[in-house]
Amino acid sequence: MTQAIEVRDLRRRYGGPRGFEAVKGISFDVAHGELFALLGTNGAGKTSTMEIVEGLDRPSGGTVRLLGQDPYRDRATVRPRIGVMLQDAGFPADLTVAETARMWAGTLPGPRPVPEALELAGIGHRAGVRVKQLSGGERRRLDLALALLGRPEVLFLDEPTTGLDPESRRNTWRVIRDLLVAGTTVLLTTHYLDEAQALADRLAIMHTGTVVTTGTVAQVVSAYPARISFSASIGTDIPDLPGSPTITRDGAAVVIKTDALQATLSALLRWADDHALPLHDLDARSASLEEAFLTIAGGTR
Ligand SMILES: Nc1ncnc2c1ncn2[C@@H]1O[C@H](COP(=O)(O)OP(=O)(O)OP(=O)(O)O)[C@@H](O)[C@H]1O
């Protein structure tokens, strides 16, 4: 079966052939019904990538297939099958929520009933309110409702929960999960790593226009070392430990990074027991998505 989205060696240069290359030859696939998250530092190229996959922009190099078609050239046939959550849909602020949705629905073939889309996005209770009176979070929900109006097969969500309070974020996550269960494919950008962890089947971490790592959360995280930290009396000699860990000390604070958490930790605890040495503030954990991200953002991998 073909993928819902296929991106091959995608490039996007701004300002002509000698201009700035914001996306430097990236490749990824998104299967039907999958949520793929693009993560990355500011300016990494996520929005540039998203806009090309949506068909808003032409690549400077490489190819993109969206639902088997070229999203830029075949935009007229692809557009009705996708939903894009715009940051600011640009409707008159004097219209009410329901009027805005009806106006948008008027441009779509076979849209959902407006009340259904508003309820789905959790903004049904504000249907009669003028857009200019909505809070920032309510605006984001209206943006989501508009994206859902066309019953999209592929949904593009560019930072969908930025500015939402924690409860609204979780409501939006529920909406997204329900859409995935119903078979919708989702391409998401987010700065919230917990959002990617909660929703993404697979993800890519971008940095300065390239994909540095991609895979499931577990696959991405497994490439980074686990971390053990504790405080020990200054002058204590830490023994050789299995797993070839790197050990750094700052006064009494010790940080051990290892690819073999269980073996390193077991040996450390045995050694501490044998010497009746208390390890204060002992903490041991596998790498997190945040650590992988920060390592990449810091340019150390
Ligand atoms: N129209 C444009 N003309 C020139 N440069 C642009 C244009 N759009 C984006 N860029 C540049 O391309 C790079 C990538 O921008 P992009 O918006 O794709 O990054 P991003 O990963 O979405 O960042 P953020 O997380 O800050 O939204 C940035 O350096 C940006 O300044």
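Modeller: Two residues are in contact if their C-beta atoms, placed from the backbone, lie within 7 Å. With that in hand, we can turn to this model, which is predicted.

Biologist: Which helices do the buried residues of H3 pack against?

Modeller: The buried residues of helix H3, which spans residues 97-105, are Val97, Thr100, Ala101 and Trp104. Seen down the axis of H3, these residues fall within an arc of 95 degrees, so they line one face of the helix. An α-helix has 3.6 residues a turn, so residues three or four places apart point the same way. The partners against which the buried residues of H3 pack are helix H4 (114-120) and helix H5 (136-148).

Biologist: Which strands form the edges of the open sheet of six strands?

Modeller: The order of strands in this open sheet is S5-S6-S7-S3-S8-S9, and the pairing is mixed. An edge strand pairs on one side only, and in this sheet that description fits strand S5 (82-85) and strand S9 (210-215).

Biologist: By how many degrees are neighbouring strands of this sheet turned against each other on average?

Modeller: Taking the pair S5 and S6 (residues 154-158) as an example, the two strands run parallel and are joined by four bridges, with Gly83 standing opposite Leu155 in S6. For neighbouring strands of the sheet, with direction ignored, the average turn is 15 degrees.

Biologist: What angle does the direction of H1 make with that of S7, where H1 packs on the sheet?

Modeller: Helix H1 touches strand S3 (35-40), S5, S6, strand S7 (185-189) and strand S8 (202-207) as it packs on the sheet. Helix H10 (residues 289-297), for its part, lies across S3, S8 and S9, running at about 25 degrees to S8. Between the direction of H1 and that of S7, the angle is about 150 degrees.

Biologist: Which element gives the most residues to the shell around the ligand?

Modeller: The residues around the ligand include Tyr14, Phe20, Asn42, Lys46, Thr47 and Ser48, and by class the shell has four nonpolar, seven polar and one charged residues. Strand S2 (20-30) and helix H1 (46-54) each supply at least two residues of this shell. With three residues, the element that gives the most is H1.

Biologist: How many of the six residues of strand S13 are buried?

Modeller: Strand S13 (residues 280-285) runs antiparallel to strand S10 (residues 226-231), to which four bridges join it, and Ser231 stands opposite His280 in S13. S13 is nevertheless hardly covered, and the count of buried residues in it is zero.

Biologist: Is Asp9 buried or exposed?

Modeller: Asp9 is found in strand S1 (residues 5-14), and its phi is near 50 degrees, a positive value in a residue other than glycine. A residue is exposed if 12 or fewer other C-beta atoms lie within 10 Å of its own. Asp9 has 12 C-beta neighbours inside 10 Å, so it counts as exposed.

Biologist: Where does Arg151 lie?

Modeller: Phi of Arg151 is near 45 degrees, again a positive value in a residue other than glycine. With 17 other C-beta atoms within 10 Å, Arg151 is partly exposed. Its place is the loop between H5 and S6.

Biologist: What share of the residues in the protein is buried?

Modeller: The protein has 10 helices and 13 strands, and its C-alpha atoms fill a box of roughly 75 × 45 × 35 Å, taken along the principal axes. Of the contacts with a separation of 6 or more, 67% are between residues 24 or more positions apart. Among the 301 residues in the protein, the buried share is 35%.

Key:
Residues numbered from 1 in each chain as written. Predicted model: local features only at pLDDT ≥ 70, side-chain atom pairs only at ≥ 80, totals over all residues. Near = placed C-beta within 6 Å. Nonpolar A, V, L, I, M, F, W, Y, C, P; charged D, E, K, R; others polar. Buried ≥ 20, exposed ≤ 12 C-beta atoms within 10 Å, placed from the backbone. Arc of directions from axis to C-beta. Pairing = 2+ DSSP bridges. Axes fitted to C-alpha atoms, helices over the stretch in contact; angles between N-to-C directions.
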